[in-house]
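Colleague: I've just opened this one and would like a quick tour. Can you walk me through it?

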Amino acid sequence: ADIEVASVAHILYSLSKTHEFDEHPVRHNEEEHNAELSEEVPWGPNTDIPLGRKNGRYRYSHTDEDMMAEPHTKCFLLLQANLASIKLPVTDYITDTRSVMDQLPRLLA
């Protein structure tokens, strides 16, 4: 069970790190929305939690601010939110999620 969860997390994380998402938009102040979303999704902004490197759920720290402004982090958060049916913090994220999801079949081919 834990290995399957870690595998899914790593697959999504790896997909979100591909160059196709280098230019994914992170709009003004969206790093704040990403920080909020990172506390709601199953694995936070990276794969530390499924690998057991942190206890419990991810909790945002201001030391993570740069990470929250990264397009790849936002993509990983959007993938998790979609998978877990988590309400998105702003309507732009709905369009952004569609954009990320539209890329997945080509990346998996």
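Modeller: Sure, and keep in mind that this is a predicted model. From the N terminus on, the protein chain runs α-α-α-α-α.

Colleague: How many helices and how many strands is that for the protein chain?

Modeller: The order of elements reads α-α-α-α-α. The tally for the chain is zero strands and five helices.

Colleague: And what share of the 109 residues is buried?

Modeller: Buried here means under 20% relative accessible area. Among the 109 residues of the protein chain, the buried share is 39%.

Colleague: Which residues form the aromatic pair?

Modeller: The structure holds one aromatic pair. Its rings sit 5.1 Å apart centre to centre, with 80° between the planes, so it is edge-to-face, and the partners are Y13 and F76.

Colleague: How many residues apart in sequence are the parts that this pair ties together?

Modeller: Y13 belongs to helix α1 (residues 2-16), while F76 belongs to helix α4 (residues 71-83). The pair therefore links parts whose separation in sequence is 63 residues.

Colleague: Is F76 buried or exposed?

Modeller: Its partner Y13 is partly exposed, at 22% relative accessible area. F76 has 0% relative accessibility, so it counts as buried.

Colleague: Which helices each supply at least two residues of the negative patch?

Modeller: The patch on the surface gathers E32, E36, E40, E65, D66 and E70. At least two of its residues come from each of α2 (30-38) and α3 (65-68).

Colleague: What is the relative accessible area of E36?

Modeller: E36 is in helix α2 and is one of the negative patch residues. E36 counts as partly exposed because its relative accessible area is 47%.

Definitions and conventions:
Residues numbered from 1 in each chain as written. Predicted model: local features only at pLDDT ≥ 70, side-chain atom pairs only at ≥ 80, totals over all residues. Heavy atoms only, no water. Patch = residues over 30% accessible without salt bridge, like charges linked within 9 Å, V, L, I, M, F, W, Y side chains within 5 Å. Areas by Shrake-Rupley, 256 points an atom, 1.4 Å probe, with all protein chains shown as cover. Salt bridge = Lys/Arg side-chain N within 4 Å of Asp/Glu carboxyl O. Lys, Arg positive; Asp, Glu negative; His and termini not counted. Charge placed at Lys NZ, Arg CZ, Asp CG, Glu CD. Helix = DSSP H or I, 4+ residues; strand = E, 2+ residues; numbered from the N terminus. Buried < 20%, exposed > 50% of the residue type's maximum accessible area, 1.4 Å probe, protein only. Phe/Tyr/Trp six-rings, centres within 6.5 Å; stacked < 30°, edge-to-face > 60°.
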